[in-house]
Amino acid sequence: MSTDTPAAGPAPGARSLPHPAREEIRLAQVLHALADPMRLRIVCALAAAEGELNCADIELPVSKSTCTHHFRVLREHGVIQQIYRGTAKMNGLRRADLEALFPGLIDGVLRAAGLQDRRLGEC
């Protein structure tokens, strides 16, 4: 299943979670989702992967329940696509949907996050 077409339905053997349709995604919600440092870290990891990652592939210095919360916020606000493949919950950035709705937003946020990380000596 493409990370950009949640309405298309899950691939065979995959179980989908509820996602907003492209036309339901709102800028205020996307900005809220991206404002948290842990959620921004998730988005940066997904953008760098240029594909899907399992939740466990993204290391966050928070509890498992807090990780679940951050992934849920990103999914419910239309930033990421989540789908179960077997027991693995796979995550992908909804880059095409976000680019169509808010041109340049994700690239600008990722660029700014990278600059901030370099200033803090984390990159």
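This tour moves through the structure from the whole chain to single residues, giving a selection to make at each stop and what is found there.

**The whole chain.** Start with everything displayed, bearing in mind that this is a predicted model. The secondary structure comes to five helices and four strands, and along the sequence these elements follow the pattern β-α-α-β-α-β-β-α-α. If you colour the 123 residues by burial, 40% of them are buried. An accessible surface drawn over the protein comes to about 6,800 Å², and carbon and sulfur atoms account for 55% of that area. Of the contacts with a separation of 6 or more, 68% are between residues 24 or more positions apart.

**The hairpin.** Next select residues 80–85, which are strand β3, together with residues 88–93, which are strand β4. The two strands pair in the antiparallel sense over six bridges, and one bridge to pick out is that between I83 and its partner in β4, M90. Two residues lie between the strands of this hairpin, and G86, in the turn, has a positive phi of about 65 degrees. Strand β3 is mostly covered, since five of its six residues are buried.

**Q82.** Keep β3 on screen and centre on Q82, which lies in that strand. Is this residue buried or exposed? Q82 has a relative accessible area of 1%, which is under the 20% cut-off, and therefore counts as buried. Show its side chain along with that of R75, and a polar contact of 2.8 Å can be drawn between the two. Widening the selection to residues that Q82 touches, and leaving out those up to four places away in sequence, brings in S16, L17, H19, C55, F71, R75, K89, M90 and N91.

**The nonpolar core.** Now turn to the largest nonpolar core, which has 27 residues; within it, V30, V79, L93 and L98 touch the most other members. The elements that give two or more residues to this core are α1 (27–34), α2 (37–49), α3 (64–76) and α5 (105–119). The largest share, six residues, comes from α2. As a general background to this stop, nonpolar side chains in soluble globular proteins tend to be buried together. Select V79 and list its contacts, setting aside neighbours within four places in sequence: V30, A33, L34, V43, L74, G92, L93, R94 and L98.

**Helix α2.** Isolate residues 37–49, the helix α2, and set a distance between its end C-alpha atoms. The result is 18 Å, and because 13 residues at 1.5 Å a residue should span 18 Å, the two values agree. Which residues of α2 are buried? They are M38, R39, L40, I42, V43, L46 and A47. For the spacing of such positions, it helps to recall that an α-helix has 3.6 residues a turn, so residues three or four places apart point the same way. At the N-terminal end, add D36, which caps α2 through a side-chain oxygen that lies 2.8 Å from the backbone nitrogen of M38. Beyond the other end, α2 is followed by E50, whose phi is positive, near 50 degrees.

**T68.** For the last stop, select T68 in helix α3. Its relative accessible area of 44% falls between the 20% and 50% cut-offs, so T68 is classed as partly exposed. Add C55 to the view: the C-alpha atoms of T68 and C55 are separated by 8.6 Å, and the two residues are 13 residues apart along the chain. C55 has already appeared on this tour as one of the residues that Q82 touches.

Key
Residues numbered from 1 in each chain as written. Predicted model: local features only at pLDDT ≥ 70, side-chain atom pairs only at ≥ 80, totals over all residues. Heavy atoms only, no water. Buried < 20%, exposed > 50% of the residue type's maximum accessible area, 1.4 Å probe, protein only. Contact = heavy atoms within 4.5 Å. Areas by Shrake-Rupley, 256 points an atom, 1.4 Å probe, with all protein chains shown as cover. Polar contact = N/O pair within 3.5 Å; in protein donor to acceptor, adjacent residues only side chain to side chain. Pairing = 2+ DSSP bridges. Core = buried A, V, L, I, M, F, W, Y, C linked by side-chain atoms within 4.5 Å. Expected span 1.5 Å × (residues − 1).
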